[in-house]
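Visitor: I have a model open on my screen and would enjoy a guided tour. Could you walk me through it, one question at a time?

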Amino acid sequence: MLEPVKHILSTQRIILASGSPRRRELLQNIGIKCEIIPSTFEEDLDPKKYSPDAFVTETAKFKVLEVSERLSKDARLPDLIIGCDTTVALGDSMLGKPTSKQNAFEMLTMLSGKSHTVYTGVVLKSQTKTVSFCESTKVFFATLTPEVIQSYIETGEPMDKAGAYGIQGIGGSLIEKIDGDYFTVMGLPLCSLSKHILQLLEAK
């Protein structure tokens, strides 16, 4: 992140409305210190009513709004709330986090030997303005045997990740290549995030 932006943010209260340790680490890596206040939004939007980019952006928006409302009576309001959501789109299907090992097996079997698109929506809310954006990256999976899929599931890594895999972990060994931003697949597109934060700061 540009040093002037980093300096300004160092004096502000920034909330990450997510319990994802990966997103927190990514923010820390670019010099953003934040408080973690996971949203309690139930994430119950019907994916059939949205395109993938609209779905993740709307979900991120509701996460931010829930945290903002909860903190509205704080003596020191946050200067910035960051909300994110990620989904995996394969054809007309959106794959969220698996609900069971069997569900994870089904997802990974669907992804095997095919390409899919990962969408990450981000909403930034300052005290005066809200900005939202979405990035997408195409991911190409290797052809996986049932044994490889089962072995990966037993590591436990797939169970809290959209599409049942994590590119930054063991799941990276299942991916042949990507077309787009690596960090979008991780769940937080850093380049776009930095640009939009800068725009928010300049708008003050």
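Visitor: Does Glu 154 count as buried, partly exposed or exposed, and what is its relative accessibility?
Guide: Glad to start there, with the reminder that this is a predicted model. Buried means under 20% relative accessible area and exposed means over 50%, with partly exposed in between. Glu 154 therefore counts as partly exposed, at a relative accessibility of 48%.

Visitor: Which residue forms a salt bridge with Glu 154?
Guide: Glu 154 lies in helix α5 and its partner in helix α4 (residues 101-111), so the pair ties together parts that are 53 residues apart in sequence. The partner is itself partly exposed, with a relative accessible area of 46%. The closest N and O atoms are 3.3 Å apart, and the residue is Lys 101.

Visitor: How many salt bridges does the structure hold?
Guide: Side chains of opposite charge can pair when their charged atoms come close. The pair of Glu 154 and Lys 101 is one such salt bridge. For the structure, the count is eight.

Visitor: How many residues apart in sequence are the parts that Arg 22 and Asp 160 tie together?
Guide: These two form a salt bridge, with their closest N and O atoms 3.8 Å apart. Arg 22 lies in helix α2 (residues 21-29), whereas Asp 160 lies in the loop between α5 (146-154) and β7 (175-179), so the parts they tie together are separated in sequence by 138 residues.

Visitor: Which residue is linked with Arg 22 and Asp 160 in a network of salt bridges?
Guide: Within that network, Arg 22 is buried at a relative accessible area of 16%. Asp 160 is partly exposed, at 36%. The residue linked with them is Lys 161.

Visitor: Is Lys 63 buried or exposed?
Guide: Lys 63 meets Glu 43 in a salt bridge (3.6 Å, N to O). Glu 43 is partly exposed, with a relative accessible area of 43%. Lys 63 has a relative accessibility of 7%, and since the cut-off is under 20%, Lys 63 counts as buried.

Visitor: Which element gives the largest share of the lining of the largest pocket?
Guide: That pocket holds about 610 Å³ of space and is lined by 36 residues, with Arg 23, Asp 85, Thr 86, Lys 97 and Ala 162 nearest its centre. The elements giving two or more residues to the lining include α2, α3 and β4 (93-95). The largest share, five residues, comes from β3.

Visitor: How many residues of that lining of the largest pocket are nonpolar?
Guide: The lining divides into three groups. Eight of its residues are charged and 11 are polar, while the nonpolar ones number 17.

Visitor: Which residue in β5 stands opposite Asp 85?
Guide: β3 and β5 run antiparallel and are joined by 10 bridges. Nine of the 12 residues of strand β5 (residues 115-126) are buried, so β5 is largely enclosed by the rest of the structure. The residue opposite Asp 85 is Gly 121.

Visitor: What is the bridge partner of Leu 124 in β6?
Guide: β5 and β6 form a hairpin with three residues between them. They run antiparallel, with 11 bridges joining β5 to strand β6 (residues 130-141). In β6, the partner of Leu 124 is Val 131.

Visitor: Which element has the lowest mean pLDDT?
Guide: The protein chain has a mean pLDDT of 92, and 95% of its residues reach 70 or more. Where pLDDT is low, the predicted coordinates should not be read in detail. Among the elements, β7 has the highest mean, 98, and the lowest, 61, belongs to helix α1.

Definitions and conventions. Residues numbered from 1 in each chain as written. Predicted model: local features only at pLDDT ≥ 70, side-chain atom pairs only at ≥ 80, totals over all residues. Heavy atoms only, no water. Salt bridge = Lys/Arg side-chain N within 4 Å of Asp/Glu carboxyl O. Helix = DSSP H or I, 4+ residues; strand = E, 2+ residues; numbered from the N terminus. Buried < 20%, exposed > 50% of the residue type's maximum accessible area, 1.4 Å probe, protein only. 1 Å grid on protein atoms, 1.4 Å probe; cavity = no way out; pocket = protein on both sides within 12 Å on 5 of 7 lines; lining within 4 Å. Points joined across faces, edges and corners; volume = space filled by probe spheres on them. Nonpolar A, V, L, I, M, F, W, Y, C, P; charged D, E, K, R; others polar. pLDDT = per-residue confidence, 0-100. Pairing = 2+ DSSP bridges.
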